[in-house]
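User: Hey, got a minute to go through this one with me? I'd like to start with what counts as touching.
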Amino acid sequence: MIERFRVVGGTSLRGEVPVVGAKNSALKLMAVALLAVGRTRLSNVPAIVDVTIMAELLRRLGCTVDYDADAGVVEIDVPERIGHRADYDLVRALRASISVLGPLVARCGQADVAVPGGDAIGSRGLDLHAAGLETLGATVHVTHGYLIAEAPHGLHGGDIRLDFPSVGATENVLSAAVLASGRTRLSNAAREPEIVDIATLLTEMGACITGAGTSVIEVEGVAELKAVDHAVVPDRIAAGTWAFAAATTRGDIEVVGGVADHLTVVLDALVHAGAEVATTPRGFRVSALGARPSSFDVATLPYPGFPTDLQPFALAYNAVAGGSAMITENLFEARFRTVQELARLGAEARVDGHHVMVHGVDRLSGAPVEASDIRAGAALVIAGLVADGVTTVSGAHHVDRGYAGFAEAMRALGADVTREVDDAPYDRI
């Protein structure tokens with residue numbers, strides 16, 4: 001059943017909202033579990049569709065996976081012998097599936113992973129993944145739509161410098177290097193908190209890793225790893241979503257479980273634009289009561305820069321902020337699909353290459369719009385809250401992949417947001 005969100009405008013969000021484990025970490029940690037025989041238990045796992053897809057992928061590789069969405073727990077029982085082929089029907093729906101590449105080639109000496117699909121936010125080449133694994137001794141090629149990495153005699157350490165601090169390539173190289181013989185040095189590595197979380201789990205499993213969270217990570221390979229229990233790091237993108245929701249709707253939200261230090265650039269920008277941000281014993285609080293918020297420029301960059309996943313929220317915010325702003329997308333070339341949907345709501349925005357110039361208006365106007373990815377969908381719901389009348393956001397399933405109970409969380413903050421059957425999802429003009 002295809003569903004959409006129905007959003008009634010005119011709400012200032014107030015209250016508290018919980019943030020659990022990071023989607024972008026939980027899925028990768030599930031893949032990392034393949035490196036150790038035995039039962040790995042992950043807690044603080046979000047109750048989202050993507051976890052179910054990753055669980056099914058691991059089952060097809062021979063693992064037993066128990067997922068208690070209500071408790072936020074995934075238990076993965078990894079046998080001595082596992083499969084090495086990740087089929088297209090699952091990988092096409094979940095880009096994070098590529099994260100099994102490094103663990104499989106390390107454990108099995110071979111990995112056949114379908115070239116990923118997922119969100120419509122632009123191409124994400126796999127050259128960096130392949131080059132990193134080749135430096136570790138694997139041969140890598142694409143055949144019939146599958147990326148195939150082979151290392152029948154095992155992997156060895158190497159000196160790798162990424163051309164770009166790719167999160168996915170960093171994850172795959174790191175998870176392959178932990179079982180390689182010798183020392184690996186990875187330069188220009190991604191620095192995200194999710195990378196630190198993966199390195200923390202691997203260290204708990206017995207890996208020897210230094211430098212996670214910096215641009216240089218060093219790994220001393222070990223013979224084997226052991227299964228452990230681990231809690232997923234809080235979701236900084238979900239936390240940032242609620243920070244923007246408070247600022248955009250001129251509300252007041254405490255983000256329970258959010259880590260302000262993971263969002264320094266974002267929260268500093270909101271403060272300079274007039275919002276109040278304070279850490280609390282349970283997380284942090286964003287208050288933007290009163291005056292119309294001020295616009296601010298955004299340029300997405302690898303961590304610790306402004307996250308590309310929060311760029312759609314910056315667009316929605318600046319659409320109703322006072323003044324004009326330039327939004328620059330440096331990471332994914334197709335992530336401005338949100339602009340045309342905001343324009344349907346009355347936003348004044350113009351795309352020029354990888355820039356968008358936004359001129360804030362007093363109010364948006366409700367209309368049917370369509371989500372193209374997880375974050376775009378959530379941002380359009382927030383935009384609907386500052387629009388006159390009713391906004392419908394088609395593609396609710398996209399939002400389900402990144403947020404558990406999004407409409408319920410909105411209602412808990414005072415919004416009139418519901419789900420309904422989308423009886424004409426492809427007929428919108």
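Analyst: Sure. Contact here means heavy atoms within 4.5 Å. Keep in mind that this is a predicted model.

User: Okay, then what covers the buried residues of α5?
Analyst: The cover includes α4 (101–108), β8 (139–143), β9 (146–150), β10 (159–161) and α6 (167–177).

User: And which residues of α5 are buried?
Analyst: In α5, residues 127–135, the buried ones are Leu-128, His-129, Ala-130, Gly-132 and Leu-133. Just after that helix, Gly-137 has a positive phi of about 105°.

User: Which residues other than glycine have a positive phi?
Analyst: Asn-44 is one of them, with phi of about 60°, and Asn-188 is another, with phi near 55°. For background, most residues other than glycine have a negative phi.

User: Where do those two sit?
Analyst: Both are in loops: Asn-44 between β3 and α2 (49–60), Asn-188 between β11 (183–187) and α7 (193–204).

User: Is Asn-44 buried or exposed?
Analyst: In between. Its relative accessibility is 28%, so Asn-44 counts as partly exposed.

User: While we're on backbone: where is there a cis peptide bond?
Analyst: Between Tyr-303 and Pro-304, with omega of about 15°. Pro-304 belongs to the loop that runs between β18 (298–299) and α10 (311–319).

User: Switching to pockets. How much space lies in the second largest pocket?
Analyst: About 310 Å³. It is lined by 20 residues, and Pro-18, Val-19, Val-20, Trp-242 and Ala-404 are the closest to its centre.

User: Which elements give two or more residues to that lining?
Analyst: β2 (14–18), α8 (236–248) and α14 (406–412). The biggest share comes from α14, which gives four residues.

User: What's the lining like by class?
Analyst: There are 14 nonpolar residues, three polar and three charged in the lining of the second largest pocket.

User: Back to α8 for a second. How do the axes of α8 and α9 cross?
Analyst: At roughly 10°, and the axes come within 11 Å, with α9 being residues 264–272. Angles under 35 degrees count as roughly parallel, so α8 and α9 are roughly parallel to each other.

User: Which residues make the contact?
Analyst: On the α8 side, Ala-243, Phe-244 and Ala-247; on the α9 side, Val-266, Leu-267 and Leu-270. By class that contact has six nonpolar residues, with no polar and no charged ones.

User: New topic: Ala-36. Where is it found?
Analyst: Ala-36 is in the loop between α1 (23–32) and β3 (38–43). Its relative accessible area is 0%, so Ala-36 is buried.

User: What is it in contact with, leaving aside neighbours within four places in sequence?
Analyst: Val-78, Arg-107, Met-205, Leu-225, Lys-226 and Ala-227. Take Leu-225: Ala-36 and Leu-225 are 189 residues apart in sequence, yet 5.1 Å apart from C-alpha to C-alpha.

User: Last one: Thr-391. Buried or exposed?
Analyst: Buried. Under 20% relative accessible area counts as buried, and Thr-391 is at 0%, so that is how Thr-391 is classed. Its place is in strand β25, residues 390–394.

User: What does Thr-391 touch, not counting residues up to four places away?
Analyst: Phe-5, Arg-6, Val-7, Leu-345, Gly-366, Ala-367, Val-369 and Gly-384.

Technical notes
Residues numbered from 1 in each chain as written. Predicted model: local features only at pLDDT ≥ 70, side-chain atom pairs only at ≥ 80, totals over all residues. Heavy atoms only, no water. 1 Å grid on protein atoms, 1.4 Å probe; cavity = no way out; pocket = protein on both sides within 12 Å on 5 of 7 lines; lining within 4 Å. Points joined across faces, edges and corners; volume = space filled by probe spheres on them. Nonpolar A, V, L, I, M, F, W, Y, C, P; charged D, E, K, R; others polar. Axes fitted to C-alpha atoms, helices over the stretch in contact; angles between N-to-C directions. Parallel < 35°, antiparallel > 145°, perpendicular 65-115°, else oblique. Buried < 20%, exposed > 50% of the residue type's maximum accessible area, 1.4 Å probe, protein only.
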